[in-house]
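Here is a short tour of how two chains come together. Please keep the structure open beside the text as you read.

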2 protein chains.
Amino acid sequence: MTDFDLELPTGGGSLLLAWQLKGKRVLIVGGGDVSSGRIKSVLAADAFITLIAPRDGLHRLTRHYIDNSARITYHDRTFAGDEDLVGIDMVLTAIDDVEWSRRICALCREHRIPVNVADIPPSCDFYFGSQIRKGPLQIMISTNGNGPKLANLLKTRIEQCLPEKVDRAIENVGILRGKLRQRAPGVGGEIGKRRMQWMSTVCTNWELDELAALDDESMEELLLVGWERLSVPKPPRRIQLNKASNMSDATLATVVGFFVGIALSTAVLWNQGIYGNFFTNIFMVLRALF
Amino acid sequence: MTDFDLELPTGGGSLLLAWQLKGKRVLIVGGGDVSSGRIKSVLAADAFITLIAPRDGLHRLTRHYIDNSARITYHDRTFAGDEDLVGIDMVLTAIDDVEWSRRICALCREHRIPVNVADIPPSCDFYFGSQIRKGPLQIMISTNGNGPKLANLLKTRIEQCLPEKVDRAIENVGILRGKLRQRAPGVGGEIGKRRMQWMSTVCTNWELDELAALDDESMEELLLVGWERLSVPKPPRRIQLNKASNMSDATLATVVGFFVGIALSTAVLWNQGIYGNFFTNIFMVLRALF
């Protein structure tokens with residue numbers, strides 16, 4: 001335990017959570033631009049949606065979701081009151097009427113239903129942030145209300161630095177965990193700890209691209225050879241990375257610059273009539289080097 | 001609207017949220033390793049904590065938090081039942097007793113209190129993910145239960161690709177928004193939209209390092225010159241980035257490789273007795289180029 005660990009955490013943050021909505025019902029009040037975004041996020045979490053919004057104010061995308069998702073129950077009207085909250089597990093509102101927004105929030109608090117009222121922070125039990133979705137991977141970036149635009153810029157930056165096949169790698173690790181749990185069943189305790197440790201070693205010893213290349217056969221092989229002996233073998237040759245092709249951008253740039261330097265140098269000398277042949281020069285430099 | 005937008009989102013995800021706990025009370029049951037992590041996250045979100053756990057099983061870090069944070073109310077005993085849930089807004093349990101874990105979860109559901117039971121997914125209203133905290137910036141990485149270890153590896157990767165002064169930049173943008181709201185008050189509507197647009201342009205036109213360099217004086221200046229005319233001026237000279245020093249790694253590598261190439265090329269020629277002077281050659285190449 002370092003001194004750093006012993007510091008009390010700085011306040012002012014939120015508790016970031018991955019809320020589970022599978023089979024739950026979410027009430028969305030309002031059908032505009034913001035609502036269409038909410039519908040998208042909620043559908044991605046496998047929830048059922050009750051949508052209450054007058055048809056004439058529907059955003060094109062909202063209408064599209066209503067027409068195409070069987071998980072949405074749509075009511076062409078405004079919020080009616082208490083009775084609209086029966087059987088509801090979460091409420092998201094995005095309407096322009098501040099008065100009604102606050103009234104819906106008060107009802108939700110009374111019924112202990114988590115609620116988010118767009119644009120009125122004190123009426124929110126939770127905020128949304130910028131989100132990245134790549135298969136089983138989800139990332140949320142929150143600036144705690146300081147700069148939504150900056151969160152969006154950071155989102156782009158983070159997307160760019162994610163390994164290309166990260167989603168495939170995560171899926172495969174999930175499948176491998178499932179197979180391991182079948183092979184060595186039991187909840188918690190010693191066996192749970194051993195499983196966790198072994199999986200962790202696989203994830204550390206194998207490159208992400210190697211994990212992404214796992215198929216059913218190589219998983220069975222890994223479990224057979226690795227788990228039984230409680231060791232983690234190297235990836236089989238056929239899914240091992242070709243490390244040479246994995247040259248970093250900086251290395252590549254150095255090499256390119258290097259050869260351009262040689263080429264230009266000889267070209268200039270040649271131009272000055274000092275030495276006869278461009279290619280002979282490159283050849284001589286290379287021979288002297290290797 | 002592109003075709004891509006029209007696709008229904010793929011299911012299987014969670015709804016990522018930034019839960020607000022300021023002034024709320026969180027019950028944590030259990031005092032081990034996992035609990036100490038939970039305490040840390042919950043304190044960072046400004047919550048009050050009721051901690052129920054026998055003293056002899058306390059993790060060193062948990063004990064440290066109990067001794068040093070005024071926000072923790074500690075009870076040296078096991079969970080007693082219903083009465084422990086009075087006035088509680090969220091429950092996190094991390095105990096080895098699976099039976100008791102499930103019983104606590106059932107009570108929470110009865111009282112509609114959000115609950116997370118460590119290691120028993122069906123007893124969780126929400127999961128935690130790997131988290132990054134950098135001042136006002138919070139990032140959560142969730143693999144939706146597929147690979148916690150991979151989430152941790154990605155966390156390190158994302159941390160490395162975050163701009164150095166991102167926290168300072170976000171803080172400053174938050175302060176600037178506050179100042180703007182004072183200068184042009186009003187909730188929602190036209191003024192809200194205009195404020196949002198102007199702030200968004202500032203964040204897009206200025207480099208992150210420039211935002212991080214904002215001080216009180218330059219903010220007032222920016223508001224005076226920019227907001228009044230609804231334009232976003234360039235950053236004042238004194239906080240403008242020295243773009244030359246901002247050369248990317250790849251560019252730098254190319255330049256270095258280039259000069260090494262020239263140097264080696266002439267050195268080899270010189271060594272072959274073909275041309276007299278190393279430095280004269282470099283000079284000639286440079287003169288021919290610029």
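In this predicted model, A:Trp19 stands opposite B:Leu15 in β1(B). Along that pairing, A:Ala18 has B:Leu16 as its bridge partner in β1(B). Both pairs belong to a strand match that crosses from one chain to the other: strand β1 (residues 15-19) of chain A and strand β1 (residues 15-19) of chain B run antiparallel and are joined over 5 bridges.

Now step back to the sheet around these strands. The sheet is open, has 4 strands and follows the order β7(A)-β1(B)-β1(A)-β7(B), with antiparallel pairing. At its edges lie β7 (126-127) of chain A and β7 (126-127) of chain B, each of which pairs on one side only.

How are the two copies placed relative to each other? A rotation of 179° with 0.0 Å of shift along its axis superposes chain A on chain B, with an RMSD of 0.5 Å. The two copies are thus related as by a two-fold rotation axis. The contact surfaces tell a matching story: 100% of the interface residues of chain A are also interface residues in chain B, so the copies meet through the same surface.

The totals for this interface are set out below.

| Item | Value |
|---|---|
| Residues in contact, chain A with chain B | 101 with 101 residues |
| Area buried between chain A and chain B | about 9,000 Å² |
| Share of that area from carbon and sulfur atoms | 66% |
| Polar contacts between chain A and chain B | 41 residue pairs, both at pLDDT 80 or more |
| Salt bridges between chain A and chain B | 0 salt bridges |

Which element of chain A gives the most residues to the side that touches chain B? Helix α10 (residues 249-271) does, with 13 residues. Taken as a whole, that side of chain A divides into 58 nonpolar, 29 polar and 14 charged residues. Charged residues are thus present on the side of chain A that touches chain B, while the salt-bridge rule finds 0 pairs across the interface.

Finally, a look at single residues within the buried area, which is about 9,000 Å² between the two chains. A:Leu15, A:Trp19 and A:Gln138 supply 8% of the area that chain A buries against chain B, more than any other three residues. Among them, A:Trp19 brings us back to the starting point, where A:Trp19 stands opposite B:Leu15.

How values were computed
Residues are numbered from 1 along each chain as its sequence is written. Chains are lettered from A and ligands numbered from 1 in the order in which they are written. This is a predicted model: local features need pLDDT of at least 70, side-chain atom pairs count only at pLDDT 80 or more; totals for chains, interfaces and linings use all residues. Side-chain values use heavy atoms; hydrogens and water are left out. Copies are superposed by least squares on the C-alpha atoms of residues with pLDDT of at least 70 in both. Contact means heavy atoms within 4.5 Å. Buried area is the accessible area (1.4 Å probe) that two parts lose on being put together, summed over both. A salt bridge is a side-chain nitrogen of Lys or Arg within 4 Å of a carboxyl oxygen of Asp or Glu. A polar contact is a pair of N or O atoms within 3.5 Å; within protein, one must be able to donate a hydrogen and the other to accept it, and residues adjacent in sequence count only if both atoms are side-chain atoms. Helices (H or I, at least four residues) and strands (E, at least two) are DSSP runs, numbered from the N terminus. Ala, Val, Leu, Ile, Met, Phe, Trp, Tyr, Cys and Pro count as nonpolar, Asp, Glu, Lys and Arg as charged, and the others, Gly among them, as polar. Two strands pair if DSSP finds at least two bridges between them.
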